[in-house]
Structure formats: C-alpha cells, structure tokens
Amino acid sequence: MSFSNPCDRKIQGANYLFLVMRWQPVVLAATMAPMERSTRQRHSIRSALADAGRPLLPAEILQAAQAEVPALGLATVYRNLKQLAEAGEIQAVELPGEPSRYELAGHKHHHHFRCNRCNRVFDVHACPGDMQKLAPQGFVVDGHELTLYGVCRDCGTSSVKDT
C-alpha cells in the first residue's frame, strides 16, 4: 500500500493494520448558508415569538418553547436567537439598562411599552410622528426610539381586584 502524503503512515499491530492519516480540516462554514437547517428547537422558538405577539426575554422564550420541546435548554435558545437574528428573521429590542428582548422581524416602524409591575414589554403600533420639532434648533433628527413606561392592562386589572 502506498501513501501519497508523507504524513500518512501504516501502523501494524498484532492482529490489526491501522491507517493513520493526517487530519485536514474541511471548510464548510463558507459554503453553507446560515440557517440552512430548520430544527424542532428553532421552530419552537419562532412559534413562541409569534404566539406571544410581543418582545420576549430569552427566559420567556425558553418557557414558551418548552411546551413544544420539553428538553430545550437556555444555551440552545441563545444559540438559535443569534442565528435567527443573523438571518434577519428576528430583531433585538433594546431598552436602556435591560437585557435584550426579541421579536419577529418585519414589523413596520413601532415603539414599545414596558410595564413597571410585571416588566413585560409590548408593541405600540402608533407613533407621535415628526420628532424634528422636539430637537434643538439647528439639529437634524435621523430617527427615534420611544418607550412608554406604566402599568399594563393585566397588572392594572389585578390591582383593581386586589383593592
């Protein structure tokens, strides 16, 4: 038996003949498109986001997605969120001083409401419009993010029941 690569060699044992070959890494990452495979885990994460209809924290996504895939773990959720964001299927919702929440991509321009009691975040599909009039004279507004803070309907209703 001849070997074309000098790093490849035969090792003969008592009753065995082993072929030891030099390991050559195969570059797959460059040839594979991101998000080529759709897994049950990824499907359950997408479903959790779609069913919620609001931005979710990774822990909220995990809890909802485990209804479909009970063995799902938080590390898998984070890994899939990263891949879904890179593929443009979801987007991060960033609120100052808080961990990222995630929602499905494709929403038109919108804002958010954060409940001060339960800490959930909801979409607000209204916009006050032209913010240029609020900017100091000579400044040009390129865009804006608006977050409303208060008490959501569920928490407001529960406080009425508690009194």
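A salt bridge is taken here as a side-chain nitrogen of Lys or Arg within 4 Å of a carboxyl oxygen of Asp or Glu. In the predicted model, Glu-98 and Arg-101 satisfy this criterion, with their closest N and O atoms 2.8 Å apart. Both Glu-98 and Arg-101 are buried. Glu-98 also forms a salt bridge with Arg-114, at an N to O distance of 2.5 Å. This second pair connects distant parts of the chain, since Arg-114 lies in strand β5 and Glu-98 in the loop between β3 and β4 (101-104), 16 residues apart. Arg-114, like Glu-98, is buried. Glu-98, Arg-101 and Arg-114 are thereby linked in a network of salt bridges.

The structure holds 6 salt bridges. Another of them joins Glu-89 to Arg-46, with 2.6 Å between the closest N and O atoms. Here too the pair links distant parts of the chain: Glu-89 belongs to the loop between α3 (74-86) and β3 (90-93), Arg-46 belongs to helix α1 (residues 40-52), and the two are 43 residues apart. Are Glu-89 and Arg-46 buried, partly exposed or exposed? Glu-89 has a relative accessible area of 28% and is therefore partly exposed. Arg-46 has a relative accessibility of 21%, so Arg-46 also counts as partly exposed; the cut-off for buried is under 20%. In general, side chains of opposite charge can pair when their charged atoms come close.

The secondary structure of the protein chain comprises 4 helices and 7 strands. Along the sequence, these elements follow the pattern β-β-α-α-α-β-β-β-β-β-α. Of the 163 residues in the protein chain, 27% are buried. Among contacts between residues at least 6 apart in sequence, 45% join residues at least 24 apart.

Helices α1 and α2 pack with their axes 9 Å apart and at an angle of about 110 degrees. The two helices are therefore roughly perpendicular to each other, because angles of 65 to 115 degrees fall in that class. On the α1 side, the contact is made by Ser-44, Ile-45, Ala-48 and Leu-49, and on the α2 side by Ile-61, Ala-64 and Ala-65.

Ala-48 is located in helix α1, and its relative accessibility of 5% is the reason why Ala-48 counts as buried. Beyond its neighbours within four places in sequence, Ala-48 is in contact with Leu-56, Ile-61, Ala-64 and Ala-65. Between the C-alpha atoms of Ala-48 and Glu-103, which are 55 residues apart along the chain, the separation is 9.8 Å. Leu-49 has contacts of its own outside the four-place window, namely with Leu-56, Ile-61, Ile-90, Tyr-102, Glu-103 and Leu-104.

The largest nonpolar core contains 14 residues, of which Ile-45, Leu-49, Ile-61, Leu-72, Val-77 and Leu-81 touch the most other members. At least two residues of this core come from each of α1, α2 (58-65) and α3. A second core of 5 residues is separate and includes Phe-113, Cys-115, Cys-152 and Cys-155.

An open sheet is formed by 3 strands in the order β6-β5-β7, with mixed pairing. Its edge strands are β6 (121-124) and β7 (147-150), each of which pairs on one side only. On average, neighbouring strands of this sheet are turned by 25 degrees against each other, direction ignored. Strands of a sheet pair through backbone hydrogen bonds, either parallel or antiparallel.

Strand β5 (residues 111-115) pairs with β6 in the antiparallel sense over 4 bridges. Which residues of β6 are the bridge partners of His-111 and His-112? The partner of His-111 is Val-124, and that of His-112 is Asp-123. The hairpin of β5 and β6 has 5 residues between the strands, and in this hairpin Asn-119 takes a positive phi near 70 degrees. Strand β5 also carries Arg-114, the residue whose salt bridge partner Glu-98 lies in the loop between β3 and β4.

Methods:
Residues are numbered from 1 along each chain as its sequence is written. This is a predicted model: local features need pLDDT of at least 70, side-chain atom pairs count only at pLDDT 80 or more; totals for chains, interfaces and linings use all residues. Side-chain values use heavy atoms; hydrogens and water are left out. Two strands pair if DSSP finds at least two bridges between them. Axes are lines fitted to C-alpha atoms, for helices over the stretch in contact, and angles run from 0 to 180 degrees between N-to-C directions. Buried means under 20% relative accessible area, exposed over 50%, partly exposed in between (1.4 Å probe, protein chains only). A nonpolar core is a set of buried Ala, Val, Leu, Ile, Met, Phe, Trp, Tyr and Cys residues joined through side-chain atoms within 4.5 Å. Contact means heavy atoms within 4.5 Å. Angles under 35 degrees count as roughly parallel, over 145 as roughly antiparallel, 65 to 115 as roughly perpendicular and the rest as oblique.
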